[in-house]
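Trainee: Please take one part of this model and go through it closely. I would like a connected account that starts from a single residue and works outward.

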Amino acid sequence: MEAQFLVQPWRRYVSVFILFCSTMNTLSAVTHYSIPEEMEEGSVVANLAADLGLDVKTLSKRKMRLDVIANNKYLDVNKETGELYIVERIDRENICASKTTCFLKMDATLENPIRIFNIELEIMDINDNAPHFRRDSIHLDISESAPVGERFSLNNAVDPDVSTNSIKTYYLSESDNFDIEIQSGRDGSKFTNLILKKTLDREEQAVHNLILTAVDGGVPTRSGTASIIVRVLDTNDNAPKFDKDAYKIYIMENTPTGSLVIQLNATDIDEGSNSEVVYSYSLYTSEKTQDTFSLNPNNGEITVKEMINYEDFKIYDMEVIATDKGTNSLSGHCKLTILVTDMNDNHPEISIKSFQSPIKEDILVDTVIAVVSVSDKDSGENGIVNIHIAHHLPFKLRESSDNFYELVVSEPLDREKVQEYDITFTVTDRGSPPLSDNETMTLELLDVNDNVPQFPQSFYTIPVIENNAPGALLSSLTAFDPDLHENQYLVYFIIEKEIVNTSMSMLFSINPENGNLYALKTFDYEIEKEFLFHIEARDSGIPPLSSNVTVHIIIVDQNDNAPVIVSPWRAHGSVVEEKIPRSTEKGSIVSKVIALDTDSVQNSRITYQFLQVTDATLFSLDQYNGEIRTMRMFSYRDQRYQRMVVIAKDNGDPALSATVTIKLSTVETDVKAFSDLTEVPLEYDIFSDLNLYLVIGLGSVSFLLLITILVTCVLKCQTTKPSKAAPPSRNSVISERNSTIADSTLVSNDAYWYSLFLAETRKGKLVVRQPVPKAGSRYIVSSIPRSTGLTETSDSAASTLQVRQNSFSDLTNLRTMA
């Protein structure tokens with residue numbers, strides 16, 4: 001910006017100069033221009049064509065050009081206007097670094113015809129550079145003894161500008177001790193000297209920080225600074241000085257050799273060797289004092305050199321001198337008075353007369369296990385001794401005679417809690433300060449068998465899945481005994497207990513060393529569901545101690561039994577033949593499939609479904625109770641014979657199943673009289689010698705029940721007077737034996753289960769059907785009560801069989817009979 005402001009004045013100067021040159025044409029053929037440095041690119045210097053008398057229109061044709069100066073083309077000519085303009089910024093300091101005047105000389109060349117014009121361009125300086133020092137900081141070392149007025153040379157500043165734009169003067173920051181003197185060189189450069197105007201004191205201020213500023217004469221002015229760091233060098237002008245001039249020290253007699261009495265401190269505010277202090281005794285210190293106390297010359301420590309006895313010497317006087325290591329050394333001194341204090345210097349003593357160790361942990365309370373004595377060579381209060389042990393120990397001290405004490409057991413001991421005791425006897429006198437001594441003895445306890453083995457639990461419940469492999473590990477029953485050695489070694493036993501003439505040791509085995517429990521046989525949930533017995537852990541002590549734990553073995557059921565279909569009964573194979581009237585209404589019960597599963601819980605839950613059915617639209621099967629009902633009435637298009645295959649499946653994983661085939665034949669409603677109904681012999685000889693008495697008992701009970709039912713039926717028939725050939729009701733289901741089911745209920749605890757039907761016939765015969773052997777089971781078989789009509793039945797039109805199972809203990813016999 002400064003260059004732009006200077007363009008117009010320089011242009012006027014250039015015009016005057018060109019006018020002068022035209023008048024002096026006979027003297028010079030050089031065209032001269034003057035411009036300031038740092039002009040903006042594109043700035044016009046002059047109209048060169050007009051100054052040279054050239055036709056502007058011919059400049060392009062004549063290919064006017066300017067020389068390149070030092071690979072830089074600072075100027076160029078506009079061939080349209082003939083103006084000479086700036087192409088590149090011109091830095092005078094870069095072109096003419098060390099010159100006060102700066103010129104650029106170049107030639108302007110034209111062709112057709114060839115003419116060469118000499119052009120001289122003077123570059124005028126502007127104040128575009130600030131003064132700067134070659135080093136930012138100047139370090140000076142000046143002794144504090146330097147005289148006032150002494151001069152110290154400083155580095156001068158440099159400014160690349162010239163004339164008035166160069167360095168004009170220097171300034172120094174405010175200082176009480178220093179000033180500057182400015183001098184000029186032959187070339188007009190300015191330099192300075194630092195002058196000491198006041199004596200320095202290093203102890204008052206060791207370093208002086210000054211700022212030297214160089215200022216040029218440009219408009220506006222520019223400046224540069226440098227820091228002056230003056231380090232004041234020390235002289236030995238201060239003597240060492242102690243913290244105090246006099247000391248009074250109290251020291252106890254018998255203070256150990258080498259003990260520190262006092263550490264003297266003398267300081268010298270000088271530095272270096274002038275501040276290093278050496279300590280020594282003065283001639284006023286007696287030899288006895290110097291022999292009793294040692295003085296360290298380097299750090300001023302006074303320590304005890306030999307044993308101090310109050311009775312020998314009570315007061316020591318000494319004088320200590322501190323001298324520095326300067327060239328002309330200076331010194332200071334102090335006085336010390338050491339007063340010896342009498343003390344209780346004899347320690348009490350303890351002596352163990354007897355000590356019994358080890359002892360058994362069951363030792364009786366108040367038993368003496370040690371005798372000790374105490375003594376002190378001092379007299380008076382210093383010779384009275386007290387003895388004690390720790391309060392938390394199960395022992396106490398009991399005085400037996402003068403200065404003799406007994407150590408007795410005060411509480412029962414338990415080795416399992418504490419195996420050994422460190423008993424410290426501490427004796428203390430009554431001196432001031434009191435002195436004490438101690439003696440530590442270790443008391444070891446011997447183990448006795450006083451702890452029974454302990455199981456982590458008092459009751460173990462162990463689930464075992466049935467069909468396990470013999471020899472399988474069931475659990476590890478480990479007890480713990482806190483005693484030691486043989487009192488800790490445990491042996492495990494199964495406490496014998498017989499179940500149905502079977503010993504527990506035949507079913508289970510336990511490792512006597514580690515308590516691992518094993519199964520010796522394969523268990524069957526349907527036969528054995530749980531076992532309850534005890535296991536004993538016994539140590540090897542004398543006498544031995546033992547404890548036992550209850551073990552509850554629970555046999556977990558597996559789905560290893562398939563369902564068994566018990567109704568309808570199948571005489572031969574798995575096919576059951578039934579008859580049904582064609583007039584049977586919708587929803588009537590045709591048959592009911594009942595299956596039993598000796599497994600438990602999910603494994604015994606049975607569902608029913610059709611595997612095959614002749615007409616799926618005619619019958620429905622309840623998947624939970626197995627009832628087969630008609631979904632509609634029979635039509636003339638339906639086949640006379642219907643075949644159904646029902647599967648009973650349990651809920652185990654994997655599921656097991658059984659099937660039954662029911663062949664159902666439809667008959668016309670007009671059924672012939674029941675004259676042909678006779679007593680049907682049993683199809684199976686199920687009366688073994690073993691169950692003969694049970695069958696006789698069951699028959700007697702059944703006979704009495706039937707007589708009661710017959711009497712009731714006769715009474716009802718006399719009151720109603722039915723017709724001779726009353727047609728059966730629409731809900732009746734005629735069985736395979738052409739009989740109508742009446743009221744009957746049978747409860748049996750025998751080894752065999754019967755489904756008993758009471759039939760009303762002309763001959764009054766009873767029919768016994770479907771023997772199914774089952775040991776240890778209780779069944780209730782009940783029929784739905786009959787209506788008042790002779791041949792009418794209940795709304796269900798079929799008997800309902802209910803089975804209540806208390807236990808299933810003989811599934812093998814049931815499968816054999818099936």
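Mentor: The model is a predicted one, and the starting point is Ser-588, which is buried because its relative accessible area is 6%, under the 20% limit. Ser-588 sits in the loop between β44 (575-581) and β45 (589-592). Its C-alpha atom is separated by 5.3 Å from that of Arg-629, although the two residues are 41 apart along the chain.

Arg-629 leads to a charged pair. Its side chain meets that of Glu-627 in a salt bridge, at 3.1 Å from N to O. The two partners are covered to unlike degrees: Glu-627 is buried at 14% relative accessible area, whereas Arg-629 counts as partly exposed at 29%. In general, side chains of opposite charge can pair when their charged atoms come close.

Salt bridges elsewhere in the model put this pair in context. The count comes to 23 salt bridges. One of them joins Arg-65 and Glu-111, with the closest N and O atoms 3.3 Å apart. Arg-65 lies in strand β3 (residues 65-66) and Glu-111 in the loop between β6 (103-110) and β7 (115-124), so this pair ties together parts that are 46 residues apart in sequence. Both ends are partly exposed, Arg-65 with a relative accessible area of 42% and Glu-111 with 25%.

Another salt bridge is formed by the side chains of Glu-271 and Arg-202, at 3.7 Å from N to O. This pair links distant parts of the chain, 69 residues apart: Glu-271 is in the loop between β20 (266-267) and β21 (277-281), and Arg-202 is in the loop between β14 (190-196) and β15 (207-216). Glu-271 is partly exposed at 34% relative accessible area, while Arg-202 is buried at 10%. The pair also belongs to a network of salt bridges that links Arg-202, Glu-203, Asp-234 and Glu-271.

Loops also hold some backbone features to check. Most residues other than glycine have a negative phi, and most peptide bonds are trans. Val-601 has a positive phi of about 50° although it is not a glycine. Val-601 is located in the loop between β46 (594-596) and β47 (606-613), and it is exposed, with a relative accessible area of 56%. Asp-366 also has a positive phi, near 80°; its place is the loop between β27 (359-360) and β28 (368-375), where it counts as partly exposed at 41%.

There are cis peptide bonds to note as well. Ile-542 and Pro-543 are joined by one, with omega about -10°, and Pro-543 lies in the loop between β41 (530-539) and β42 (546-556). The bond from Asp-653 to Pro-654 is also cis, with omega near 5°; Pro-654 is in the loop between β50 (641-650) and β51 (657-667).

Charged residues return in the second largest pocket, whose volume is about 510 Å³. Of the 22 residues that line this pocket, Asp-159, Asp-161, Ser-166, Asp-187 and Ser-189 are the closest to its centre. The lining divides into six nonpolar, nine polar and seven charged residues. Strands β11 (157-158) and β12 (167-172) each supply at least two of them.

A nonpolar surface patch ends the account. Phe-703, Leu-704, Ile-707, Leu-710, Val-711 and Leu-715 make up about 570 Å² of it. Leu-715 is placed in helix α7 (residues 692-720) and counts as exposed at 52% relative accessibility.

Key: Residues are numbered from 1 along each chain as its sequence is written. This is a predicted model: local features need pLDDT of at least 70, side-chain atom pairs count only at pLDDT 80 or more; totals for chains, interfaces and linings use all residues. Side-chain values use heavy atoms; hydrogens and water are left out. Patches are made of residues with over 30% relative accessible area and no salt bridge: like charges are joined within 9 Å, nonpolar side chains (Val, Leu, Ile, Met, Phe, Trp, Tyr) within 5 Å. Accessible areas come from the Shrake-Rupley method with a 1.4 Å probe; for residues, only the protein chains shown count as cover. A salt bridge is a side-chain nitrogen of Lys or Arg within 4 Å of a carboxyl oxygen of Asp or Glu. Helices (H or I, at least four residues) and strands (E, at least two) are DSSP runs, numbered from the N terminus. Buried means under 20% relative accessible area, exposed over 50%, partly exposed in between (1.4 Å probe, protein chains only). On a 1 Å grid over the protein atoms alone, a cavity is a set of points where a 1.4 Å probe fits but cannot get out, and a pocket is an open set with protein on both sides within 12 Å along at least five of seven lines; lining residues have an atom within 4 Å of a point. Grid points are joined across faces, edges and corners, and a volume is the space filled by probe spheres set on the points. Ala, Val, Leu, Ile, Met, Phe, Trp, Tyr, Cys and Pro count as nonpolar, Asp, Glu, Lys and Arg as charged, and the others, Gly among them, as polar.
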